[in-house]
4 protein chains.
Amino acid sequence: MEGFRFSTELTARFNETDAQGIIHHGVHVIWFEIARIAYLAQIPGGYPGLVETGIDVTTIELHIRYSEGVRFGDRLRAWTRCSEIRGARLRFEYAVENVESGARVADGWTSHACVNASTLRATRVPPELTEALQRLEAD
Amino acid sequence: MEGFRFSTELTARFNETDAQGIIHHGVHVIWFEIARIAYLAQIPGGYPGLVETGIDVTTIELHIRYSEGVRFGDRLRAWTRCSEIRGARLRFEYAVENVESGARVADGWTSHACVNASTLRATRVPPELTEALQRLEAD
Amino acid sequence: MEGFRFSTELTARFNETDAQGIIHHGVHVIWFEIARIAYLAQIPGGYPGLVETGIDVTTIELHIRYSEGVRFGDRLRAWTRCSEIRGARLRFEYAVENVESGARVADGWTSHACVNASTLRATRVPPELTEALQRLEAD
Amino acid sequence: MEGFRFSTELTARFNETDAQGIIHHGVHVIWFEIARIAYLAQIPGGYPGLVETGIDVTTIELHIRYSEGVRFGDRLRAWTRCSEIRGARLRFEYAVENVESGARVADGWTSHACVNASTLRATRVPPELTEALQRLEAD
């Protein structure tokens with residue numbers, strides 16, 4: 001997908017449907033998170049490695065735009081990229097498409113803050129993480 | 001809370017926590033929905049009454065700003081209002097506060113489209129719904 | 001309900017429904033947990049107090065019998081009791097009824113082990129917990 | 001795994017963890033369901049095909065035995081089989097193992113009733129379904 005280099009594949013689960021017969025709109029938050037974690041897993045050590053350095057990442061803002069209902073069993077491709085790193089903040093963007101039809105089902109972004117894992121106070125994105133993330137988008 | 005007339009109370013559930021020890025950021029979507037449904041329940045017939053008229057409401061956009069972590073057992077007050085009705089669109093705003101501390105833990109908004117329940121095509125917000133919603137905010 | 005002294009009330013949430021139009025059968029596990037935690041909250045200090053003494057409780061077995069579908073908005077009463085304490089094991093029993101109709105919608109039981117919170121090794125149910133639980137059922 | 005011919009692979013999601021740092025015990029119900037649906041997908045037409053014939057399947061009983069905690073990111077193999085067909089009833093058995101360690105993390109079973117999708121009354125397992133399920137276990 002235009003502007004994205006990384007994606008991960010998912011299948012919509014039956015328990016994720018609701019009585020409207022389609023996937024509940026809260027589930028997309030989980031898909032974004034799965035995509036973001038898979039993206040970060042490309043970095044040596046990944047998210048667990050980050051946590052080991054005493055840094056944790058909290059979500060501070062979330063935006064989702066829903067384009068099309070997703071049905072049980074639909075195969076989805078969740079694209080993501082880290083689109084901005086500034087101070088303690090990281091921003092990720094997402095686009096989820098239906099593999100079968102190619103249609104975009106949702107897109108959105110999340111904003112995160114790096115925090116000291118013990119004090120939970122905001123802390124600058126560590127330079128090694130910034131470099132690792134920039135390498136992912138530059139390659 | 002300033003600007004809101006309606007709220008509903010909730011308690012954060014243990015299964016809603018994650019390994020960071022606080023409520024997962026996907027759960028707030030559910031709190032917004034619970035608040036919205038409770039708000040609509042003030043209208044005679046409520047959401048089920050709406051569906052009986054052949055109208056359904058789908059979520060088309062969602063925004064959440066997280067201010068403070070929520071812990072298992074925290075009692076929360078979720079404020080909501082319908083802030084805009086235009087064409088087929090409805091917009092709801094939310095603010096969730098910790099009952100104990102009074103601190104705001106999150107706020108946000110959702111945007112919805114009225115659709116014909118059988119064709120799923122967008123349809124104007126029915127005038128009776130518009131009136132009922134306006135009465136709620138005017139009283 | 002026959003044999004139970006304690007209950008807590010719940011409302012079935014919209015996001016808990018699935019495409020069959022009723023509450024997904026995985027949600028009952030959460031209702032059992034909510035009832036169990038509310039039951040334990042009767043003990044001075046409750047579950048958090050227990051954890052502070054260095055004890056944690058893990059679930060080792062679960063059984064649910066589903067009698068009747070639950071619909072979005074149904075008000076439920078979840079009854080629970082601690083029915084057995086032996087060695088490191090605790091057993092809880094549950095019955096969930098529809099408040100409106102009085103019908104039983106599900107019942108079941110869970111079995112738990114007390115563990116040392118740091119080593120996660122099984123440890124005898126602390127005598128103070130045994131006494132507190134017996135008092136709850138004796139009163 | 002001894003006694004099973006069919007399995008499907010899963011990865012434990014971050015949002016499935018709870019504040020004890022491991023996957024919440026309610027998530028196993030979903031893994032069982034995913035395994036059961038994947039198993040039924042081997043039948044021409046699968047579960048959707050069944051529903052099209054006017055038959056639906058409801059869960060009437062569930063049993064889980066938890067052997068070992070599962071952590072975020074753990075890869076799991078969920079084995080399943082249909083172990084009994086009698087009248088309107090189907091029974092499935094499950095075993096979930098950690099792919100990395102080979103350790104069993106949980107096992108259990110579910111019992112289901114075939115119902116007429118419109119009346120929701122119990123109805124005999126259709127002979128074509130019985131034959132298809134027996135073929136899966138005989139091959």
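**Exercise 1. Strand pairing across chains A and B**

Determine how many bridges join β2(A) to strand β2 of chain B, and whether the two strands run parallel or antiparallel.

*Solution.* Step 1. The structure is a predicted model, and strand β2 of chain B covers residues 55–66. Step 2. Between β2(A) and this strand there are five bridges, and the direction is antiparallel. Step 3. A single pair illustrates the arrangement: Glu61(A) has Arg65(B) as its bridge partner in β2(B).

**Exercise 2. The contact between chains A and B**

State how many residues each chain brings to this contact, and which element of chain A gives the largest share.

*Solution.* Step 1. Chain A supplies 14 residues and chain B supplies 14 residues. Step 2. On the side of chain A that touches chain B, two elements give two or more residues each: α1 (27–40) and β2 (55–66). Step 3. The largest share belongs to β2(A), with nine residues. Step 4. Sorted by character, this side of chain A holds six nonpolar, five polar and three charged residues. Step 5. Of the interface residues of chain A, 100% are also interface residues in chain B, so the copies meet through the same surface.

**Exercise 3. The rotation that relates chain A to chain B**

Find what turn and what shift lay chain A on chain B, and which residue of chain A comes closest to the rotation axis.

*Solution.* Step 1. Two copies of a chain are related by a rotation about an axis and a shift along it. Step 2. For chains A and B the turn is 180 degrees, the shift along the axis is 0.0 Å, and the RMSD is 0.0 Å. Step 3. This is the relation of a two-fold axis. Step 4. The residue of chain A that comes closest to the axis is His63(A), whose C-alpha lies at 2.3 Å.

**Exercise 4. Chain A and chain D**

Describe the rotation that lays chain A on chain D, then give the number of residues of each chain in contact.

*Solution.* Step 1. Chain A can be laid on chain D by a turn of 180 degrees with a shift of 0.0 Å along the axis, at an RMSD of 0.0 Å. Step 2. Leu10(A) has the C-alpha of chain A nearest this axis, 5.3 Å from it. Step 3. Seven residues of chain A are in contact with seven residues of chain D. Step 4. The residues on the chain A side comprise four nonpolar, one polar and two charged. Step 5. Since 100% of the interface residues of chain A are also interface residues in chain D, the copies meet through the same surface.

**Exercise 5. Strand β2 of chain D**

Identify which strands pair with β2(D) in chain C and in chain D.

*Solution.* Step 1. Strand β2 (residues 55–66) of chain C is joined to β2(D) by five bridges, and the two run antiparallel. Step 2. In this pairing, Arg65(C) stands opposite Glu61(D). Step 3. Within chain D, β2(D) pairs with strand β5 (residues 104–116) in the antiparallel sense over 11 bridges. Step 4. Here the bridge partner of Thr58(D) is Ala113(D) in β5(D).

**Exercise 6. The fold of chain A**

List the elements of chain A in order and explain why the chain is as compact as a globular protein of its length.

*Solution.* Step 1. Chain A has three helices and five strands. Step 2. From the N terminus on, the order is β-α-α-β-β-β-β-α. Step 3. The radius of gyration of chain A is 16 Å, close to the 14 Å that the globule rule gives for 139 residues, so chain A is as compact as a globular protein of that length. Step 4. Along the principal axes, the C-alpha atoms fill a box of roughly 45 × 35 × 20 Å. Step 5. Buried residues make up 40% of the 139 residues.

Terms used:
Residues numbered from 1 in each chain as written. Chains lettered and ligands numbered in written order. Predicted model: local features only at pLDDT ≥ 70, side-chain atom pairs only at ≥ 80, totals over all residues. Contact = placed C-beta atoms within 7 Å. Nonpolar A, V, L, I, M, F, W, Y, C, P; charged D, E, K, R; others polar. Helix = DSSP H or I, 4+ residues; strand = E, 2+ residues; numbered from the N terminus. Rg over C-alpha atoms; globule rule 2.2 N^0.38 Å. Buried ≥ 20, exposed ≤ 12 C-beta atoms within 10 Å, placed from the backbone. Least-squares fit on C-alpha atoms with pLDDT ≥ 70 in both. Pairing = 2+ DSSP bridges.
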